[in-house]
Structures are given as structure tokens and as C-alpha cells.
Amino acid sequence: MQEVGEPSKEEKAVAKYLRFNCPTKSTNMMGHRVDYFIASKAVDCLLDSKWAKAKKGEEALFTTRESVVDYCNRLLKKQFFHRALKVMKMKYDKDIKKEKEKGKAESGKEDDKKSKKENVKEEKMKKEKEKKKDGEKEETKKEETPGTPKKKETKKKFKLEPHDDQVFLDGNEVFVWIYDPVHFKTFVMGLILVIAVIAATLFPLWPAEMRVGVYYLSVGAGCFVASILLLAVARCILFLIIWLITGGRHHFWFLPNLTADVGFIDSFRPLYTHEYKGPKADLKKDEKSEAKKHQKSDSEEKSDSEKKEDEEGKVGPGNNGTEGSGGERHSDTDSDRREDDRSQHSSGNGNDFEMITKEELEQQTDGDCDEEEEEEDNDGETTKPSHEKS
């Protein structure tokens, strides 16, 4: 009967610590929004708490996981939380009935048209099988290729229902919170708001000095807000004037981050920004792109020239041998040319000889004999002076 009674201060403190430090999730249960936690995480949370450490002259409240489970069973019996059951969401009964009725109606019609559609169905089945095979192949290829985005895992929907066996078990069991204490921060914020409202209603009773101070503070805050709004309008007007005068070439913004989603100090930095969007800017862009292209072409030419030099260096040592062989080849070609000329000349003479008659041959032989006699006479004359000199 003591366990079912009111909870002690220690139990409330443990439950409060567990409520605000154990990770929880929210879902719907029987039409209400509830928070639930998992048993294993609750046990881990309490084993890391101050109650798991021994104090001077006192033993630790939580030493093992079993001791934590026993203590959580006490909290469960005192209605701090209760055990729930996860039930996966299935199709509604109405949808199932509609599908059955449609199936019956279609089956009655199909009995009349079976003879006509049997061949068509077989062909469709074959095509579907082929498509499935192709789809599986494509999916395997996509999975193998790196960089392809993975498909999002669809989370299974479930709902919570009260469990029949209300016992705390260490594991993946689900427990729904009943105990919902007010956090200390929310309590403090609420208290401050209440005090501020009461103080504002009692403004006429404030001292004169405080009322004058509050008046100047409110006027200063209003002027500050108004100045920011005027600055936002003025900067847009200044931008439009400069843009119209320069024909859209100069884009000048004063306090560009004034209306941006940044901090208070960052909204005033930088003081201004200026961009020139005229023809010169386009020319500069073109020049930069051309310079990059030239650099690329120069680097490619250098690499080609280096390759050629390497190839020439490899070929250089073998030039001496090739020169000698080249001289021999030139001599061979000259001798071949001479032989060809002689053969052509002899072939020409042979053709002439075939056309000459006997009388012409006799005249040629007589001329040859006379030439030989004249040569002999000349040789004799040359030999006489040589003897005289001796």
C-alpha cells in the first residue's frame, strides 16, 4: 500500500530529472498529443545521474541496470508514466470492403471476356516481366555508380495503444509520460511577464522621475525605429537616382545589409557597396577569359616543344651512322643512274642498227679504219720529240 500511495520527494525529483533529461518523442494516442520515451534510454539516463554516485556515508541509489528497472517500476505504479504498445497502421476496413466489391464485379465481367483476353494477357505478362528485368538491371547499375542520390527511406507509420501488462522492462519498450511538471525557465518567464503587466497598469502611481525617464526612453525607441524605416526608404531612392542617371551601369547601395536577415551590428556593415555593370566590365571579363585561354595554349605549346626536344635528343646519337649509310646510298644511286643511261643509250643504238642497210655498214667500217690510222700517226709524232729530248 505504501508503493501505491503518494510519491516521495526523492521520487518526484528522480521523475522530474528523467522527464527533462531523457530524450522523448511526441505522437498521437487516442486523439491526444502525448510524449513517450524508450526504456533503455531512461535506464542509461539514470545511471549517468547524481543518484548513481555514492555520497559520504550513503550508498548510491542506482548501481546496476536491474536496480534502475526496479525503481522505474515503482514510478510506473505511482502513475508517473504508463506502458504503451506500438501498432503499425493498416488499411481501413472500408477500403478493404471496397476493394473486395470491385474484385467481385470485375470477376463477373472477366468471365464473359476470358476467351478474348487470354492471349492479350499473356503478351502483357511477358512484356511486364521483361520490363521488370530491365528495371532491376538499371537499379543495380544506379546503386553501383558512385554519387547517385540514395532513395529516401519511408518511415513506417504507427500508433500507440495502452498495454495490458503494465510492467517496466529494460529494452525497446515504449512508455508514455503522464507526469508533466512546469520547467523552471518557463516559470520564471511567466512570473516576469505577470510583474511587467502589473507594473504597466500601475504607471500613474510611479514616482515623477521614473515616469519622465520612461517617457524619454519610449520617445528614443520610437525615433530609432522611425530612423531605420526612413533609412530603408532613402537608400532605395538613392539607388534609383544613381541607377537612372548612369543608365543602369552603376549599382550603389548604402547600408546594403540594413534589411537583411543578420544581427543588429552586422546590419550596419559594410557602409556601402558599389558595382559597375557597363560595357567595360564585359570587356574586362572577355579579356580575362582570353588571357586564360592564351595561358593554356602557351602551356600546351611548351609541353609540345619539350616533347619534341626529348625526341630529338633520343635520335641525335644515331645520326653519325646514318650519315655514312646516306653517303653509300648516294653513291649507289649515282651508279644506278649511270647504268640506266647506258642501257637506254645502247637500246637506242640497237634500234638504229636494225634500220641500217649493208652499204651504210661498209661506209661506217671504212670511216672507222681511217680514224684509227690518223690516231696511229699522231702517236708516232708525239713519240719522236720525246726521243730527241732524251
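This is a stop-by-stop tour of a predicted model, with a selection to make at each stop.

**Whole chain**

Show everything as a cartoon first. The protein has nine helices and seven strands. Colour by burial next: of the 390 residues, 14% are buried. Contacts between residues at least 6 apart in sequence can be sorted by separation, and 62% of them join residues at least 24 apart.

**Helix 1 against helix 3**

Select residues 9–21 for helix 1 and residues 65–77 for helix 3. The two axes are 11 Å apart, and the packing angle is about 100°. An angle of 65 to 115 degrees counts as roughly perpendicular, and helix 1 and helix 3 are therefore roughly perpendicular to each other. Now show side chains. On the helix 1 side the contact has Glu10, Glu11 and Val14, and on the helix 3 side Tyr71, Arg74 and Leu75. By class, the residues of this contact are three nonpolar and three charged, with no polar ones.

**Helix 2 against helix 3**

Keep helix 3 on screen and add helix 2, residues 39–47. The axes of helix 2 and helix 3 lie 10 Å apart and cross at about 110°. Helix 2 and helix 3 are therefore also roughly perpendicular to each other. Select Ser40, Val43, Asp44, Leu46 and Leu47 in helix 2, then Arg65, Val68, Val69 and Cys72 in helix 3, to see the residues that make the contact. The contact of helix 2 with helix 3 has six nonpolar residues, one polar residue and two charged residues.

Which residues of helix 2 are buried? They are Ala39, Ser40, Ala42, Val43, Cys45 and Leu46. To see what surrounds these buried residues, display helix 1, strand 2, helix 3 and strand 5, against which they pack.

**Tyr36 in strand 2**

Move to Tyr36, which is in strand 2. Its relative accessible area is 8%, so Tyr36 is buried. Leaving out residues up to four places away in sequence, select the residues that Tyr36 touches. One run of these is Pro23, Thr24, Lys25, Ser26 and Thr27. Further along the chain, Tyr36 also touches Phe158, Leu160, Val174, Phe175 and Val176. For a distance label, pick the C-alpha atoms of Tyr36 and Arg19: they are 9.9 Å apart in space, with the two positions 17 residues apart in sequence numbering.

**Aromatic rings**

Hide everything except the rings of Phe, Tyr and Trp. The whole structure contains 16 aromatic pairs. Take the pair Phe81 and Phe175: the ring centres are 5.9 Å apart and the planes are at 80°, so the pair is edge-to-face. Phe81 belongs to strand 3 (residues 81–88) and Phe175 to strand 5 (residues 174–177), so the pair ties together parts that are 94 residues apart in sequence.

Are these two residues buried or exposed? Phe81 counts as buried, at 1% relative accessibility. Phe175 counts as buried too, at 0%. Widen the selection to Phe37, Phe81, Phe168, Phe175 and Trp177, which ring pairs link into a cluster.

For a ring with a charge over it, go to Trp51. Lys50 lies over the face of Trp51, at 5.0 Å from the ring centre.

**Backbone exceptions**

The last stops concern backbone torsions. Most residues other than glycine have a negative phi, and most peptide bonds are trans.

- Select Met30, in the loop between strand 1 (25–29) and strand 2 (32–38). Although Met30 is not a glycine, its phi is positive, about 55°. Met30 counts as exposed, at 66% relative accessibility.
- Select Gln79, in the loop between helix 3 and strand 3. Gln79 is another residue other than glycine with a positive phi, near 65°. With a relative accessible area of 51%, Gln79 is exposed.
- Select Arg269 and Pro270, which are joined by a cis peptide bond with omega of about -5°. Pro270 is in the loop between strand 6 (250–254) and strand 7 (272–276).

Definitions and conventions: Residues are numbered from 1 along each chain as its sequence is written. This is a predicted model: local features need pLDDT of at least 70, side-chain atom pairs count only at pLDDT 80 or more; totals for chains, interfaces and linings use all residues. Side-chain values use heavy atoms; hydrogens and water are left out. Axes are lines fitted to C-alpha atoms, for helices over the stretch in contact, and angles run from 0 to 180 degrees between N-to-C directions. Helices (H or I, at least four residues) and strands (E, at least two) are DSSP runs, numbered from the N terminus. Angles under 35 degrees count as roughly parallel, over 145 as roughly antiparallel, 65 to 115 as roughly perpendicular and the rest as oblique. Contact means heavy atoms within 4.5 Å. Ala, Val, Leu, Ile, Met, Phe, Trp, Tyr, Cys and Pro count as nonpolar, Asp, Glu, Lys and Arg as charged, and the others, Gly among them, as polar. Rings of Phe, Tyr and Trp (its six-membered ring) pair if their centres lie within 6.5 Å; planes under 30 degrees apart count as stacked, over 60 as edge-to-face and the rest as tilted. Buried means under 20% relative accessible area, exposed over 50%, partly exposed in between (1.4 Å probe, protein chains only). A charge sits over a ring if NZ of Lys or CZ of Arg is within 6 Å of the ring centre and within 35 degrees of the ring normal.
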